[in-house]
Structures are given as C-alpha cells and as structure tokens.
Amino acid sequence: MELWYTEEHTPTVRFSIKVKEQLVSKRSPFQQIDVFDSEEFGRFLTLDGLMMVTEKDEFIYHDMIVHVPMATNPGIRKVLVIGGGDGGTVRELTRYDSLERIDMVDIDEMVVDVCREYIPQTSNRLDDPRVNLYFEDGLKFVRRYENEYDLIIVDSTDPFGPGEGLFTREFYGNCFKALTVEGILVNQHENPYYEYYTEAMKRAHRRIRDSFPICRVYQAHIPTYPSGHWLFGFASKKYDPATDLDAAAWNARGIETKYYNTDLHRGAFMLPTYVRRALEGAE
Ligand code: SAM
C-alpha cells in the first residue's frame, strides 16, 4: 500500500509527497500537528494539514528570513522571533556571535516539543544560552515592549487559525513600538501566485506600509510551499535592505550558507513585474 501526504494549494490544485512513515500525529489546544518521513524531502512537519518545514528545503526559508536582516544591519544585538516553533530561525540566529539575546515566543509548546523529538535538524539550537523561550500568543507578548528589540522576525503560520492576529494592523503597530530606532521587522509574506494568497499578501503589505517608513518585499524559491514562489516582508525604521547592505561586513563573518549570499541578497528584492504590480495595487 502506498501512503501519500496531499495538501490543497487551492481548491483545484494539490501537491503530494510519497510518505515512508507517519512519525507523530497530535492535536494541541491550537492546531493539528503531524510529522512524516519521506524519500524526497526527509522528515517534514505540517500544522493543520499545511506544510511548515521539510528537512530538504528548510534551509532556503531560514537563510532568507534570518541572513537578509542580519546582513543589512551588522549592529543587531537583541532579536525576537514570533512563532518559529520548529527552531530553524533560532538555529540560524545562533550562528551570530554578535547576538546577545534571542527571545522566541510561540503560542504552542507542543510544536516545540514535537520538533525537539522528531526534527533535531531545525530544533537543535534551542538550548543555546542566549535563547529564551516563551509560550503565549505573540500578539499579546509584543504589546508589553517598547524600544526593546533590534530585529523582530515573524515566522508564523498563515493568516488563519492561531496565526491570524499576526497579520493585523494592531500587531504591526505594536512591533513598531517594540523595536529600537534602528529596528527591522521581517515576516513571511505568503505567495504572490495563487489568488487566495495574493489577497493575504496585499493586505499584509498595506498594513505594514501604514506602520513603517521603509517597506520592501523580497522573494525566494521554496519547492514545498504553494507555487514554490515565496515572499518575505522587510520593514524598517532606518535601513534600506538594498542600499544599506554591508556585504563586506557580512562576508567577513565567514558564515557558510547554502542559499543566501550577498549577491542574491540584492537580487531577491528585484521582483517580477506581476508581483510589483500587485504590491503597488495594494493601496
Ligand atoms: N516556516 C513556516 C511556514 O511559513 O510555513 C512557519 C513555521 S513555524 C512552525 C510557525 C509557528 O507559528 C508554529 O509553531 C505556530 O504554533 C506559531 N504560531 C501561530 N500563531 C501564533 C501566534 N499567534 N503567536 C505565536 N506563535 C504562533
């Protein structure tokens, strides 16, 4: 008998991966959590039936959500990760000796426990002494801070279910307040290709732009996400990620990456015309 994981990318488009084995299936108070093993993508985590990380392509997402802001401002010291329960974003951050504090707030402790047990590839740096883990709604957590973080990374699920609040105007406004004068906010920004996601992307872009003076979007190719074309938002009080990139400083750190490099950093902000138009039309 063959076992396949199938995800609906739209009501008429499906994406399937042949599964070797289902490793865990649990229901937390917030969502359905599953981990599978597969030939092509290795182990992968899904939440409410949606792909979160696979061992084979997670490096693309985590490189791009972490190294783009870190290379833009080498002075970043304190970081807040909202979501990110698989640990991949924290793992990449711990590679920077210059970071003093990495706070991570995920609404669902069970995701972290499952990833510690079944996906050590992403969760293996959560015990770094600079990392502090909090388990509560990121929307509420960020309200408490003012002028605290140099970088906030929103590594969330999609804008429905527990992640919905992390795409609201109130949330972006509170992130602005929690950031220092040089602060940067990076978020996963959905995909530009399928109409359903395009609407979420435009809405998020409009709301972020209302809160931050600098608001850019960049892209990466992530095979297991809908359409394979994924966007990230870069919002900032001071730094422009294209013109302020300090390539020499980042390359001097000697951090080895499989996807990110400083040439690609610049190129990632060069968006296809239809994406540009969609974002410009997000008035
Ligand atoms: N790379 C992934 C993606 O874009 O598909 C995201 C991965 S990470 C597993 C997403 C995390 O966001 C989950 O662990 C989930 O529990 C967390 N999350 C969802 N809503 C949240 C909220 N309101 N506050 C904090 N964490 C939240």
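## Polar contacts with the ligand

In this predicted model, an N or O atom in the side chain of Tyr225 sits 3.0 Å from a nitrogen atom of the ligand, a polar contact being a pair of N or O atoms within 3.5 Å. The backbone joins in too: a polar backbone atom of Pro162 is 2.9 Å from a ligand nitrogen, and a backbone N or O of Ile107 lies 3.1 Å from a nitrogen of the ligand.

Protein covers 99% of the 600 Å² of accessible area that the ligand has on its own (Shrake-Rupley method, 1.4 Å probe).

## The shell

There are 25 residues around the ligand, and the ones that come nearest are Gln31, Asp106, Asp137, Gly138 and Pro162 (a residue counts as near with a heavy atom within 4 Å). By type, the shell splits into ten nonpolar, nine polar and six charged residues, with Gly classed as polar and Tyr and Pro as nonpolar.

Strands β5 (50-54) and β7 (101-106) each put in at least two shell residues; strands here are DSSP E runs of at least two residues. Domain 1 (4-54) and domain 2 (58-281) each give at least three, with bounds from an automatic or database domain assignment.

## Ground rules

Residues are numbered from 1 along each chain as its sequence is written. Since the model is predicted, local features need pLDDT of at least 70, side-chain atom pairs count only at pLDDT 80 or more, and totals for chains, interfaces and linings use all residues, while side-chain values use heavy atoms, leaving out hydrogens and water.

How values were computed: A polar contact is a pair of N or O atoms within 3.5 Å; within protein, one must be able to donate a hydrogen and the other to accept it, and residues adjacent in sequence count only if both atoms are side-chain atoms. Helices (H or I, at least four residues) and strands (E, at least two) are DSSP runs, numbered from the N terminus.
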